Amino acid sequence: MLTRREALLGTMTGAATAAFLTAAATTPASAREPAANVNDLPRERVNLVAPPFVHAHEQIASGGPRIVEFQLTVKEQPMVIDGDGTTMQAMTYNGSIPAPMMVVHEGDYVELTLINPETNEMPHNVDFHAATGALGGARLTEVNPGEQATLRFKATRAGTFVYHCAPAGMIPWHVVTGMSGTIMVLPREGLKDENGKPLKYDRIFYIGENEFYIPRDEAGKFKNFASLGESYDETLKAMRGLIPTHVVFNGKVGALTGDNALKANVGETVLFVHSQANRDTRPHLIGGHGDHVWELGKFHNPPAKDLETWFVRGGSAGAALYTFRQPGIYAYVNHNLIEAAELGATAHVMVEGEWDNDLMTQVSAPAPIASY
Ligand SMILES: [Cu+2]
């Protein structure tokens with residue numbers, strides 16, 4: 001008798017999937033060995049932290065290339081995704097949506113250990129858009145429940161890059177139910193403006209945007225499923241309609257608003273990293289700007305300046321630097337305002353400091369219309 005997982009895999013391995021994976025990695029017949037000194041490089045083990053926060057890191061590398069070790073553990077778990085208690089059977093790395101952000105420098109080696117506990121139902125892996133090699137490492141990291149694997153890749157391109165799960169036959173399902181994150185590969189000398197002048201940030205926030213497709217019952221109510229496997233068929237049908245029921249930042253409507261607002265002070269420079277692993281989006285900071293924006297997220301391209309809204313392509317991560325000049329509560333939104341206001345794609349930044357009347361002032365308060 002088939003296990004549920006085998007049955008699922010059977011239904012998911014169609015012709016379209018086979019075509020999708022034509023470029024799949026097979027073990028190469030021959031391979032060039034890494035540079036002889038790779039194993040002599042210093043190693044650093046980094047403990048990842050849940051978004052919107054990012055682990056401590058240097059902006060300018062103080063030494064030469066290193067091997068940076070990260071660990072991700074897959075957690076399949078139900079997660080509440082809005083204020084009404086709607087629950088999604090989610091798949092996550094380390095239990096957060098998005099997955100934690102990793103930071104290294106160009107020329108470093110990333111050494112990722114992926115753990116798939118035996119209590120899980122599904123195989124999982126990681127496709128790193130920052131990596132060079134077949135499937136971004138997905139085939140080399142594919143682990144069944146009860147297994148772990150370690151991948152090493154050289155970070156040869158600077159920028160913010162998405163990583164996501166990509167198991168054969170189930171790629172979009174794993175991505176849109178939570179399995180994506182970002183790695184930031186900084187130039188060793190740090191960020192620079194369009195003239196090569198150094199840029200620094202005082203704070204960094206990682207905003208992962210996801211769209212969810214939650215099936216509804218006959219009465220139009222969101223359905224709750226008892227397990228991940230049981231959610232598959234109807235979730236796939238909802239996905240194929242391409243109309244998301246939720247568009248959220250950091251896994252849940254309201255994850256970054258109200259008491260969960262991001263915090264900064266007037267005069268501080270904040271780097272906002274924004275990922276969307278599946279679908280285009282357009283971040284906008286209401287009342288502020290993008291002073292320097294790497295819309296494509298890739299730091300060897302000069303940043304655009306003074307942007308009002310920037311575009312993040314599905315399957316990528318962008319980065320925007322802004323120095324706050326006024327206090328207040330700023331909404332940071334996906335400027336498809338229906339998605340921001342009705343479906344959840346809103347965050348708040350609470351900024352403290354002194355108001356600058358030169359930049360904005362109310363010349364006269366609302367009053368009855370004067371006659372001329
Ligand atoms: Cu997965």
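Q: Leaving aside neighbours within four places in sequence, which residues is Phe-128 in contact with?

A: In this predicted model, a contact list for one side chain is best read by setting aside the residues that sequence alone brings along. For Phe-128, what then remains is Met-102, Leu-112, Gly-136, Leu-151, Phe-153, Val-162, Tyr-163 and Ile-183.

Q: How many residues does the largest nonpolar core have, and which have the most contacts inside it?

A: The general idea is that in soluble globular proteins nonpolar side chains tend to be buried together. Here the largest nonpolar core has 38 residues, and those with the most contacts inside it are Phe-70, Tyr-93, Met-102, Phe-128 and Ile-183. Both domain 1 (41-188) and domain 2 (203-352) give residues to this core, so it lies between them. Another core, of 24 residues, lies apart from it and includes Ile-207, Leu-307, Trp-310 and Ala-347.

Q: Into which domains is the protein chain divided, and how many residues does each bring to the contact?

A: A pair of domains can be read first by its bounds, then by the separation of its centres, and then by what each side brings to the contact. The chain is divided into domain 1 (41-188) and domain 2 (203-352), whose C-alpha centres lie 19 Å apart. Domain 1 contributes 41 residues to the contact, and domain 2 contributes 44 residues.

Q: Which residues are the protein donors of the copper ion, and which atoms do they use?

A: A metal site is read from its donor atoms, their distances and the angles among them. The copper ion has as protein donors His-124 through ND1, Cys-165 through SG, His-174 through ND1 and Met-179 through SD, at 2.1 to 2.5 Å from the ion. The angles among these 4 donor atoms run from 89 to 129 degrees, and the site is tetrahedral, since four donors count as tetrahedral if all angles lie between 85 and 135 degrees.

Q: How are the donor residues of the copper ion spaced in sequence, and where do His-124 and His-174 lie?

A: The spacing is H-x40-C-x8-H-x4-M. His-124 sits in the loop between strand S5 (109-116) and strand S6 (127-128), whereas His-174 belongs to helix H4 (residues 171-176), so that this pair, 50 residues apart, links distant parts of the chain.

Q: Why do His-124 and His-174 count as buried?

A: Burial is judged from relative accessible area, and under 20% means buried. His-124 counts as buried because its relative accessibility is 0%, and His-174 counts as buried because its value is also 0%.

Q: Where does His-105 lie, and what does its side chain reach?

A: A polar residue can be read by its place, its accessibility and its polar partners. His-105 lies in strand S4 (residues 102-105) and is buried, with a relative accessible area of 3%. Its side chain reaches the backbone oxygen of Gln-59 at 3.3 Å. Beyond its neighbours within four places in sequence, the contacts of His-105 include Glu-58, Arg-66, Ala-155 and Val-185.

Q: Which side chain makes a polar contact with the side chain of Thr-269?

A: The partner is the side chain of Thr-323, at 2.7 Å. Thr-269 is found in strand S15 (residues 269-276) and, at 13% relative accessibility, counts as buried.

Q: What separates the C-alpha atoms of Asn-210 and Val-248?

A: Sequence separation and spatial separation are read together. These two C-alpha atoms are 5.5 Å apart, although the residues are 38 places apart along the chain. Asn-210 belongs to strand S12 (residues 203-212) and is buried at 4% relative accessibility; among the residues that Asn-210 touches, beyond four places away in sequence, are Ile-97, Val-175, His-246 and Gln-276.

Q: What is the phi of Leu-135, and what is that of Leu-242?

A: Backbone angles are read against the residue type. Leu-135 has a positive phi near 60 degrees, in a residue other than glycine, and is partly exposed at 24% relative accessibility. Leu-242, also not a glycine, has a positive phi of about 60 degrees, and is exposed, with a relative accessible area of 65%.

Q: Which residues does a cis peptide bond join in the chain?

A: The peptide bond is read from omega. One cis bond joins Pro-51 and Pro-52, with omega about 10 degrees, and Pro-52 is in the loop between strand S1 (43-45) and strand S2 (67-80). The bond from Ile-97 to Pro-98 is also cis, with omega near -5 degrees.

Key
Residues numbered from 1 in each chain as written. Predicted model: local features only at pLDDT ≥ 70, side-chain atom pairs only at ≥ 80, totals over all residues. Heavy atoms only, no water. Donors = N, O, S within 2.8 Å, 3.2 Å for Na, K, Ca; no water. Tetrahedral: all angles 85-135°; square planar, octahedral: opposite > 155°, others 65-115°. Helix = DSSP H or I, 4+ residues; strand = E, 2+ residues; numbered from the N terminus. Buried < 20%, exposed > 50% of the residue type's maximum accessible area, 1.4 Å probe, protein only. Polar contact = N/O pair within 3.5 Å; in protein donor to acceptor, adjacent residues only side chain to side chain. Contact = heavy atoms within 4.5 Å. Core = buried A, V, L, I, M, F, W, Y, C linked by side-chain atoms within 4.5 Å. Domains from an automatic or database assignment.
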